[in-house]
Structure formats: C-alpha cells, structure tokens
Protein chains: 2
Amino acid sequence: MSNVDSIDLEAAAYRLRGVAHRTPLMTCLALDQVVGGQVLIKTENFQRVGAFKFRGAFNRVSSLTREQRTRGVVASSSGNHAQALALAARLCDTTATILIPDDAPNSKLTATRAYGAEVVLFDRYQADRESLTSELANKLGATIVHAYDDPFIIAGAGTTGLEIMEEAKWLDILLVPTGGGGLLAGSALAARAAQPNVRIVGVEPDASDDWQRSLAAGKRVNVHVNQTIADGQQLPTPGILNFEVAAPLLERVVTVTDADIRTAMRFLFERVKIVAEPSGATAVAALLAGKIDVRGQRVGVIISGGNIDVQRFTDIISKTSMA
Amino acid sequence: MSNVDSIDLEAAAYRLRGVAHRTPLMTCLALDQVVGGQVLIKTENFQRVGAFKFRGAFNRVSSLTREQRTRGVVASSSGNHAQALALAARLCDTTATILIPDDAPNSKLTATRAYGAEVVLFDRYQADRESLTSELANKLGATIVHAYDDPFIIAGAGTTGLEIMEEAKWLDILLVPTGGGGLLAGSALAARAAQPNVRIVGVEPDASDDWQRSLAAGKRVNVHVNQTIADGQQLPTPGILNFEVAAPLLERVVTVTDADIRTAMRFLFERVKIVAEPSGATAVAALLAGKIDVRGQRVGVIISGGNIDVQRFTDIISKTSMA
C-alpha cells in the first residue's frame, strides 16, 4: 500500500487484538478544572514496552511473510522503537537486530537486549546511520522497519486513535504528540474516520518545530533541532508518508517548552498518579500551558509513553523552578 | 449495625456507583516474571482523592440522615481520610470539620481545605486528640467519622475487594495493605463472600506490626510504633471492629521493611508507570521481597493510595541504595 486508510487501521486492530494492551482512557477532575474542559487521557505509557510504539512495530512484524520472518528485521533506534521492535520480533518468532549509537545510555542497550534483540553498536560521529542500516539488512536479508515512515507503523499507531474514539464516542478536539508523525498520522486518520468533524491538533517541542513549520509551508521543511528534554521528538522533518497523511487532517500544530513539559510531568505524577516520559507528556503540557483553548470542550489527549527511570525523572523535575 | 456483612457491602457498592471511580485492575508481565505468578494490581491510587479512603468516607456520609447532614461531620486526620471526608461531605451537601496537628505538612492543610473542609489546628503534644474531637463534635452537633473503626467505612473500603473479584473472577491469594484495617476487613469480607477459599494476606510495615502480633495473640495487642516511611500504617493496634471482622478471614499477616517499600515504589514507577505512596506500595513490596510465595498462583494485590509529591518521592527513593 502506498497510503493508509481505514481498512489498514481495522486490519491493524485485528492483528493487535489480545496482543497489545487496550490502555485505559482516564479522567482527572483536577485537570478538567484547570483547563475548563472535559479531558480524556489515553494512557499509552501503560502499553507494552511502555509506549505506543509497540502497536506499529507489532503490526509491521506480524504482517511479514513467513519467508521474511526467517530472515528477521533490522532498525536503527535508541528509543522506544528499538524495544518495541525487539518484543514484536520475539512474539512473531523472528529476530530483530537493532543498531544503537555506542554513546547511548546503557539502560537502552540492556532493555533492548532483554526483549531478545541483537544489538549492534556504531559510532554516530563516524558512520552514516542510514547506509549502515541498509548494509546490515542486505547482509542478513532482513527487512528494515522504519520507526514511523511506514504504512504499517502508521496504521498500528492509529489503533490508539481507534480505541479513543470507540470509548469516548465523540470529541471536540484530539491532541496528539508528534515526532516523526506515526502516532499523529494514524490517530488523525482513525479519529476523522470515526467522526469527520473532530479537530486534530499536533503537539511538538518548540526545540523541534518541524511539523508546525511544515504545515505552514504546505510541505515538509527541515528545521534545526535544538536541545530539549523531549528526546522522542528530536527530528528535523516529518516523515514523508506521515506528512502526506496527517497534513490534510490537522487543524494546527502547537509547540511546548521544556518548562511546559516539566510542569505536565509533575502534574501527571502528583494529580493523575502516572509516569510520563518528557515526549509522552507534551500534549498534556500544551493543555496545561493554555496553548490551545479547550474551555467547554471535550478533549482527547494522548500520553505516548512512560519510559523514564527515577533518576532521570528526578533530574528533570528538579529543574522545574528554574525553567 | 454492629458488624458488617455482604448486604452492607452491596449497599455500599450501590451508594458508590457513579461516584467512586471503578479503578483499573492492571497487569504487568515484568512483575509476573519476577514473582513467578499472575498478578492483578488494583489501582486505588487512581481513586478519587488518590486513595481507597474515599470509598468508606462517601459510604458513611451518604448514609447520614438529612438531619445529621445539616450539622456536618468531624474527624481527626492529617492523612487521606481528611481529604476523603472533605470531598464526601461536599458531594453530600454537608460540612466537614477536620482536626489536623499544627505540625502537619502545609500541603495536607491546603489539600483538605481545597476539598471544602474547615480545618482546625491543634497542638498534638498538648491536646488529647480523642477528647478534642468529641468536644468539637458536641459543640457542632456533628457526627464523628472514624478513619477505619466503623462499619460503613469498612463496607465502603470493601467495595475495592468486590470490584477485584468481579473482574478477576477468581484468585488464589489477595494481598491487602493494612493500617487500622478498614481496607483489610472490608476486602477480606468481599473476597471471601465471592470465593470462600481465597487466601487473604495482610501486609504492614515491620515498624508497626500490630496486626501480625494481634493475629498471633488471637486478640488485639498494642505495639510500639517505630519510624517508617509508611505513614498511613503507623498505628499501635488494629481497629476493634476491623480485627473482629478480619481476624477469622486472614491466613496471615506479613511485614515489609522501608527498603522493601522503596524497591516497590521504584518498580511501580519504572515498570508499571504508576505512582504509589509508601503505604500504598506495601503489598507489592511483600510480593517483590518474596515475603509470600506466589509461584504458579493468581494473586490480587491492592495499591491503596498514591498521594505523594515529587519532592518526597525523590527524597524517599534516593535512599534506595542505602536501605
């Protein structure tokens, strides 16, 4: 398939049934009071491997032919995609080989290996990631699974949006964190198919405002990526297919600062009692920072992931007052 | 009623319907792997006011006569009971007056007032809490609502157990944190009514092992309460009615150390992505510390609350390696 449609979403939902968690849609009266609307929080931090990424990865790997599965999958990632693909491969009885920069935190390597993947380290300052991935895939005869720019990944991620709409019945607005745009494209597609007039808003860190600028330009543009704690969204440009699918469905994209994200992470901890990683908290950050007016509205908001250890959480949150 | 039975539980469930949250029963494969059993986690940290206490408080206040409601409720508490009663009173259109020691953290006062209660401060080293509470209740003509030693509080708390059994269908063991014993007595009653052979295990901090000692003695005994981070369970003796109800239903009571609790809080944060306060984490702590063998068993475990701010969480967790 060259694009993604509702049929692909339904097929993804079918493949994921009984495999991915159907994560809770939570409410928090304190949040409703702060923003003046009714907020439904989709908790993909409770998804397998701690992030929505499992949905796309499993949808991709479970769609491989038997022959492809004998030769495995390859990806380059030090983030949630690595662990998601590792687990998906194990569940589908195939092998995953993950390229990880040799300066990535040790915890990422350990976690990825714990899900059964083979980890190949590379020097990110010497080697070209793309060509290294291709080379490795060629050598192994394996299938490269891109972290977001792939119709199966988009459809898999979109099952998040399907579940939200099934449970919420209707929404005025859906707020979705976006990096490459797998979750945004998939969920926008799902939500609009369920309810054509739902307003879709993407959220990204202001340090990496490629979606906002691309939407303004009407085409994918490259931005300089500044430092941000939102490490899942540090990408210079939207995915090709992701932008093609999402752009026509988006009302707008708003950006949040690291300070906004910290405030949201703290709020989620203290008031909602859940753990969100920085990128995972961006959509809630947009709400709390008033980046979008939701007074009197019924709002869906996705927490995309919760993979952060106590030490990093503490380091990040302790900067709240400075930010 | 002098005791509590299934009818009271059903009545409590009826009163709480649409008012209390039906909190999720979560699973975590990582936890299952560590303990070698199948664990179902009842997340009362997601309950209103962040703890199971809301169930009992609302059951009590909503059972008051119209006349009693015109004169309000009184309690002495600096913990979750204070906030639970404050919210229950507001929802039932009555007033709550809460006695809080004047050295309690400011956050407790603020939170209790935020739910609409009147806060009366007292010097815990000068005044006798019990007589002060009686005096205030007499003056106001108000009803005293005890934090745990009350049939309505027990029945309300027991709806936690009802929900677990409804959703779990069956369990080998149910692990319940216990302080005064509201949650333990109520949930034991509910679980045993649903499934007479379910094994009930109470969990308390070793710094305050009054339940374990009382069970061994066959009657309520007083213990010296040592320092512990499990501030919701620092009580010298079980509640009278609580012990009467729970003792015949308990297989045993196990104790956990502060180090066990820290490990559980960290595990819940990093692996389950949820926030538990120290007392809230004690039952999970017992599992992780191997205080009870659950290999091959299907185990229900209650997280009783999640009220802890980031600062205290950080302070507590940072001591992990020392403990």
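Modeller: Copies are superposed by least squares on the C-alpha atoms of residues with pLDDT of at least 70 in both. This is a predicted model, where local features need pLDDT of at least 70. Residues are numbered from 1 along each chain, and chains are lettered from A as written.

Biologist: Which residue of chain A comes closest to the rotation axis?

Modeller: A turn of 180 degrees with a shift of 0.0 Å along the axis lays chain A on chain B, at an RMSD of 0.0 Å. That is the relation of a two-fold axis. At 2.2 Å (C-alpha), the residue of chain A closest to this axis is Ile274(A).

Biologist: What percentage of the contact residues of chain A recur in chain B?

Modeller: Contact means heavy atoms within 4.5 Å. The same surface serves both copies, and the share of chain A contact residues that recur in chain B is 100%.

Biologist: How far does helix α12 of chain A reach from its first C-alpha to its last?

Modeller: A helix here is a DSSP run of H or I, at least four residues. Helix α12(A) covers residues 258-272, which makes 15 residues. At 1.5 Å a residue, 21 Å is expected, and the reach is close to that, at 20 Å.

Biologist: Which residue just after α12(A) takes a positive phi?

Modeller: The phi in question is about 65 degrees. Just after α12(A), the residue that takes it is Lys273(A).

Biologist: How is α1(A) oriented to α8(A)?

Modeller: Helix α1 (residues 6-16) and helix α8 (residues 151-168) of chain A have axes, lines fitted to C-alpha atoms, that come within 8 Å and cross at roughly 80 degrees. Angles of 65 to 115 degrees count as roughly perpendicular. Therefore α1(A) is, to α8(A), roughly perpendicular.

Conventions: Predicted model: local features only at pLDDT ≥ 70, side-chain atom pairs only at ≥ 80, totals over all residues. Heavy atoms only, no water. Helix = DSSP H or I, 4+ residues; strand = E, 2+ residues; numbered from the N terminus. Expected span 1.5 Å × (residues − 1). Axes fitted to C-alpha atoms, helices over the stretch in contact; angles between N-to-C directions. Parallel < 35°, antiparallel > 145°, perpendicular 65-115°, else oblique.
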